[in-house]
Amino acid sequence: MRITKKWLAPVAVAALAGGSLAFGPAAMAAGGATCAEDLGDTAIDGGIVVPAGETCTLGGATISGGIVVEAGGWLDATSIEVGGNVEAIDAYGVSIDGSSVGGDVSVYGGDRGGFAYLNDLDVAGSVAAGGVDVEITDSSIGSGLLTQSAHYVELLRTSVTGNADLVGSPFGAVVAGAIVKGSLTVDGSQHETLIGATADGEPEAWGNQIDGDLVVTGNTGNTRVAGTNVTGTITASGNDAVAVFGAGNTAGAVEGEYEGEDPGEAGGGDQSIAVTVPQQAAGELVWALDGTSGLVDLGVAESLDDRFAATGEIVPIRVLDTRVGSPSWSLTAQVSDFQAGGETISSSYLGWTPEVRENEGGAVAGAAIDSGFSGGDGLSVSRTLVQANEGHDRGESVTGAGLDLMRAFYPPLLPSGAPFSRWASFLSWGGGGFGPAPHLPILRKATMTSLTRILSPRRLVAALAVAILSIGIAAPALAASEEQEASTSVSWGARPDDTAQGEGRPNFIYDLEPGGELSDAILITNRGEEPIELSVYAADGKTTSDGTLDLLPSGEESTELGSWIAVEQDEVALAPDESASIPFDLAVPADAQPGDYAAGVVAAMRVEGGDGLITERRLGSRVLLRVAGDLAPALEVSDLQADFSGGLNPFLPGSASIDVTLTNTGNATLVGGADLAVSGPFGWAARAVDVGEIPEMLPGTSLTRSIAVTEAWPLVLFNADLRATGDVVVREGAVPPPTATVTDEASTQAWAVPWTIVAIVQIIILIVVWRAVAAKRRKRAHEAEVARAVEKALAASRENETAAV
């Protein structure tokens with residue numbers, strides 16, 4: 001049957017729904033409202049009418065009745081609940097997303113054409129459309145589906161409880177991921193008819209399940225069927241270009257003319273089970289600055305008793321990760337020393353406090369780093385700004401950091417008599433992460449040379465503070481505002497391209513023999529609004545002391561895996577939304593030692609401002625290589641130290657801090673954990689302390705951990721015993737080495753003296769001693785007084801005797 005007259009649609013809808021035609025405008029609008037604007041999330045008792053030529057926008061609305069869209073009207077609805085029907089006759093269009101309809105949906109266009117876009121829609125009744133573009137995606141239809149003379153039809157990942165009839169579509173019909181409990185008929189399509197198939201006949205990412213019959217008749221143009229299971233009969237007849245059957249079809253029977261592969265036999269049994277599982281895209285890791293100004297202003301430094309101090313914030317950084325499997329990622333930073341006329345100012349004086357401000361991607365802020373004013377490295381070594389662990393949510397995160405710069409008054413910051421000085425600093429941003437699944441790193445790097453007039457040490461610190469964080473994080477600090485805004489709007493993504501080495505990969509993973517070679521490619525996409533030019537190269541990877549992955553700074557020569565990778569194209573220019581696949585070759589030296597190696601293939605942008613400031617930003621993908629041969633995993637525990645801190649109350653526990661260094665001394669990447677036991681003398685108050693997981697450690701790298709122990713009792717001695725375990729990382733499909741787990745352990749002690757009790761005992765002892773000494777002195781004084789009295793008495797007695805004579 002071919003129905004081409006649009007005015008027959010209401011009859012067809014009634015027949016499909018098995019109900020009456022009691023949903024005209026008057027019935028639907030009774031007790032309702034007119035919608036010619038944005039009504040938002042209102043609750044309406046009754047129906048809605050969209051007047052002719054008007055647009056109605058609904059978001060979160062609840063409508064107890066139905067919706068009528070009059071001629072030329074447009075309904076744009078998201079997350080709504082409709083109790084009745086949705087009817088649009090001669091309408092411009094209907095778009096409904098993430099909603100439910102308690103009745104039927106009927107959309108028929110007029111002379112202007114129009115559209116019916118139904119996405120993530122739950123329809124209790126039937127759907128009918130004609131004379132419009134029809135796209136039905138991720139939806140559920142409780143009864144039948146009929147399209148008549150629709151411009152084109154796309155039925156994707158949708159279930160239909162009744163029959164689905166797609167009739168007379170001049171620009172074709174596409175059915176993929178459909179579950180039809182009745183029969184599916186595609187008749188009179190005049191361009192392409194693709195049922196579970198691509199245009200070249202390969203199975204689509206989503207197959208179809210038809211519980212009834214599949215009828216493909218009267219179609220012209222390219223007609224393809226693949227990946228479709230039909231419980232009943234497939235009928236292919238009258239097609240002007242014989243239907244071509246591809247792989248993956250099954251059927252109870254086949255009738256008519258077709259070419260290609262014969263369908264397999266339909267499965268037996270009384271019930272078929274179908275589920276639509278989307279094929280996940282490879283995804284990518286993308287970064288951008290969350291702002292339009294590259295200036296990081298720390299203001300004017302404040303003069304304190306013994307130092308200058310300034311504070312501020314970096315420009316927030318936005319990270320979007322849509323990669324398959326949600327592997328871990330991290331963003332790290334490092335600032336080099338500042339040079340001035342032979343004098344050096346350490347970048348350790350700069351510290352920060354990272355903060356995750358928006359978090360839909362499972363990001364975790366890095367640890368706060370104090371300024372090294374009173375000791376420590378500050379940001380002079382690689383530090384983690386933010387990271388996300390394996391299995392994190394696929395989404396976007398925004399991270400910022402408060403900055404803290406402190407510098408002593410003396411020694412002088414500049415040689416005396418130098419009114420001008422040229423300062424240079426280097427800021428390195430790098431990305432990495434840990435866990436069994438490797439990841440794409442985020443990488444950014446910057447160098448800076450700018451002329452600054454020095455008026456006083458106080459103003460110098462303020463100027464220096466601005467210079468430090470304006471490099472690399474955004475546009476040149478002294479450049480024009482237009483240049484700043486253009487620079488900060490730049491954004492691009494990178495991921496392994498789909499090649500013979502694999503598809504849908506979040507990173508590059510290889511196993512090669514010494515002397516082995518391979519070719520691969522990285523896909524780089526411009527996600528910004530302006531054309532960009534990038535350089536492409538490889539660099540060795542390393543693990544930082546806090547356990548994140550970083551790459552060698554720009555200008556530092558790679559000596560291992562990074563030097564074995566040759567990029568075919570070292571520069572690429574991309575228009576907005578343009579992608580380029582950059583091939584590279586990996587050649588392992590014949591004398592390469594067995595074991596694990598890490599590197600990154602990066603795309604970098606250099607921006608040079610008129611003031612001499614040079615910014616280099618890098619984004620790339622991690623490369624992991626295991627060279628075949630004997631794996632010799634080894635783990636060493638060293639520098640285990642404990643420090644106890646007690647309170648004033650001797651009857652309450654104190655706390656302890658335990659520092660330890662773990663070093664991967666073997667040739668295999670390790671991941672594992674550690675067990676820490678603490679106790680007093682003779683095993684008193686023994687208990688286990690959670691250390692957490694040991695992140696993935698590359699060969700030759702060290703990890704420093706500081707473990708806080710609460711409820712540590714002051715029992716004179718505090719004992720700590722740590723046992724670390726490292727498991728060799730075994731990639732999917734690889735054979736575990738003979739020695740897959742290694743361990744090492746160490747012990748240490750610290751004084752845990754209850755000083756309050758000691759002090760009290762000392763005071764008591766002093767009092768006792770004092771009282772004893774005082775008593776002895778009193779006794780001696782008394783004895784001396786008695787002796788004097790006796791002597792005096794004897795003397796008086798002698799005088800009396802002499803007088804008597």
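Reader: How many bridges join strand β61 to β62, and in which sense do the two run?

Author: Strands are DSSP runs of E, at least two residues long, numbered from the N terminus, as helices (H or I, at least four residues) are. Two strands pair if DSSP finds at least two bridges between them. In this predicted model, strand β61 (residues 716-728) is joined to β62 by 12 bridges, and they run antiparallel. One residue pair shows where to look: Val-716 has Ala-752 in β62 as its bridge partner.

Reader: What is the order of the strands in the open sheet that holds β61?

Author: The order is β59-β58-β61-β62, 4 strands with antiparallel pairing. Because β59 (687-697) and β62 (741-752) each have a single partner strand, they stand at the edges, and one side of each is left without a neighbour in the sheet. On average, neighbouring strands here are turned by 15 degrees against each other, direction ignored. For such angles, axes are lines fitted to C-alpha atoms (for helices over the stretch in contact), and angles run from 0 to 180 degrees between N-to-C directions.

Reader: Which strands pair with β5 in the parallel sense?

Author: Strand β2 (residues 38-40) does, over 2 bridges, with Gly-40 opposite Leu-58 in β5. Strand β8 (residues 74-78) also runs parallel to β5, joined by 5 bridges, and Leu-75 in β8 stands opposite Cys-56.

Reader: Which residues of β5 form its covered face?

Author: Cys-56 and Leu-58 do, while Thr-55, Thr-57 and Gly-59 form the uncovered face of this strand (residues 55-59).

Reader: What rules apply to the numbering and the values?

Author: Residues are numbered from 1 along each chain as its sequence is written, and side-chain values use heavy atoms, with hydrogens and water left out. As the model is predicted, local features need pLDDT of at least 70 and side-chain atom pairs count only at pLDDT 80 or more, while totals for chains, interfaces and linings use all residues.

Definitions and conventions: Buried means under 20% relative accessible area, exposed over 50%, partly exposed in between (1.4 Å probe, protein chains only).
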